[in-house]
Amino acid sequence: MPRLFTALEIPRNAAMSLSLLRGGLPGARWIDVENYHITLRFIGDIDNRTADEIVNRLDRIDREEFQISLSGIGSFGSKKPHSLWAGVSPSPEMNALQAEIERICQRVGLPPDPRKFTPHVTLARLKSSRLDDVVHYLSGRGNFHTTPFTVGRFVLMSSKESVGGGPYLTEEVFPLQESRSAWRDASRHAESQLY
């Protein structure tokens, strides 16, 4: 069974903005643009029965779509950086979705995720990058941000154990409900066109 995780996809224009950050850092192994994502919950290697149960429960999540944007960049591993990331603007809706997925995983018997949820998009893995080079790279790109985009679904993805950073496969898609406020705005607009 491949390693599984739930994630939010990055739309094309935001991914293109992220791709402009590639390069300029010796020792960085850049993630391919098509593999950009925001991990909601790493599930890991599980048996087929548990995977089916998780999919069944994820399919019952009933939440509205929401908006997020990407903002700022940084690195994990303060003294010896091991990865570069782009941050995600704070979103109560995203945090609530992630918390519900976490509860589902625990209910089917998975241990709690030991890491605090820190939403981000991994840009590069760092093997031999010097701390000074990473600091210099980050100092010139701190004002990075994208325009907000709508998250209309989340996905269950898989990765091969031997390769960090992709390729990732989308195994299942879970649509979110169209925002009721957006629906109301559209119906008001349609009514105003009638009169």
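Leucine 123 touches a long list of residues: Leu18, Leu21, Arg29, Trp30, Ile31, Tyr36, Ile73, Leu84, Trp85 and Ala86, leaving aside residues up to four places away in sequence. The model is predicted. This briefing moves from the nonpolar cores to the sheet, the helices and one buried serine.

**Nonpolar cores**
- The largest nonpolar core has 50 residues.
- Leu123 is among those with the most contacts inside this core, along with Leu8, Ile10, Leu18, Leu70, Leu84 and Phe154.
- Helix α3, residues 92–107, gives the most to this core: five residues.
- Another core lies apart from it and has five residues, among them Phe5, Ala7, Val155 and Tyr168.

**The open sheet**
- Strands of a sheet pair through backbone hydrogen bonds, either parallel or antiparallel.
- Here, four strands form an open sheet, and their pairing is antiparallel.
- The strand order is β2-β7-β6-β5.
- Which strands stand at the edges? They are β2 (28–30) and β5.
- Each edge strand has a single partner strand, so one side of each is left without a neighbour in the sheet.
- From one strand to the next, the twist averages 30°.
- Three bridges join β2 and β7 in the antiparallel sense.
- Arginine 29 stands opposite arginine 125, which is in β7.
- Arg29 is also one of the residues that leucine 123 touches.

**Helix α1**
- Helix α1 covers residues 12–19, and its buried residues are Ala14, Ala15, Leu18 and Ser19.
- Seen down the axis of α1, these buried residues fall within an arc of 145°, so they line one face of the helix.
- What do the buried residues of α1 pack against? They pack against four strands: β5 (70–76), β6 (83–88), β7 (120–126) and β8 (149–151).
- Leu18 is buried in α1, has a place among the residues with the most contacts inside the largest core, and is touched by leucine 123.

**Helix α4**
- Helix α4 spans residues 131–139 and lies across β2, β5, β6 and β7.
- Helix α4 runs at about 175° to β5.

**Serine 91**
- Where is serine 91 found? It is in the loop between β6 and α3.
- Is serine 91 buried or exposed? Its relative accessibility is 2%. Buried means under 20%, so serine 91 counts as buried.
- Serine 91 touches Phe66, Gln67 and Ile68, again leaving aside residues up to four places away in sequence.

Methods: Residues numbered from 1 in each chain as written. Predicted model: local features only at pLDDT ≥ 70, side-chain atom pairs only at ≥ 80, totals over all residues. Heavy atoms only, no water. Buried < 20%, exposed > 50% of the residue type's maximum accessible area, 1.4 Å probe, protein only. Helix = DSSP H or I, 4+ residues; strand = E, 2+ residues; numbered from the N terminus. Arc of directions from axis to C-beta. Contact = heavy atoms within 4.5 Å. Core = buried A, V, L, I, M, F, W, Y, C linked by side-chain atoms within 4.5 Å. Pairing = 2+ DSSP bridges. Axes fitted to C-alpha atoms, helices over the stretch in contact; angles between N-to-C directions.
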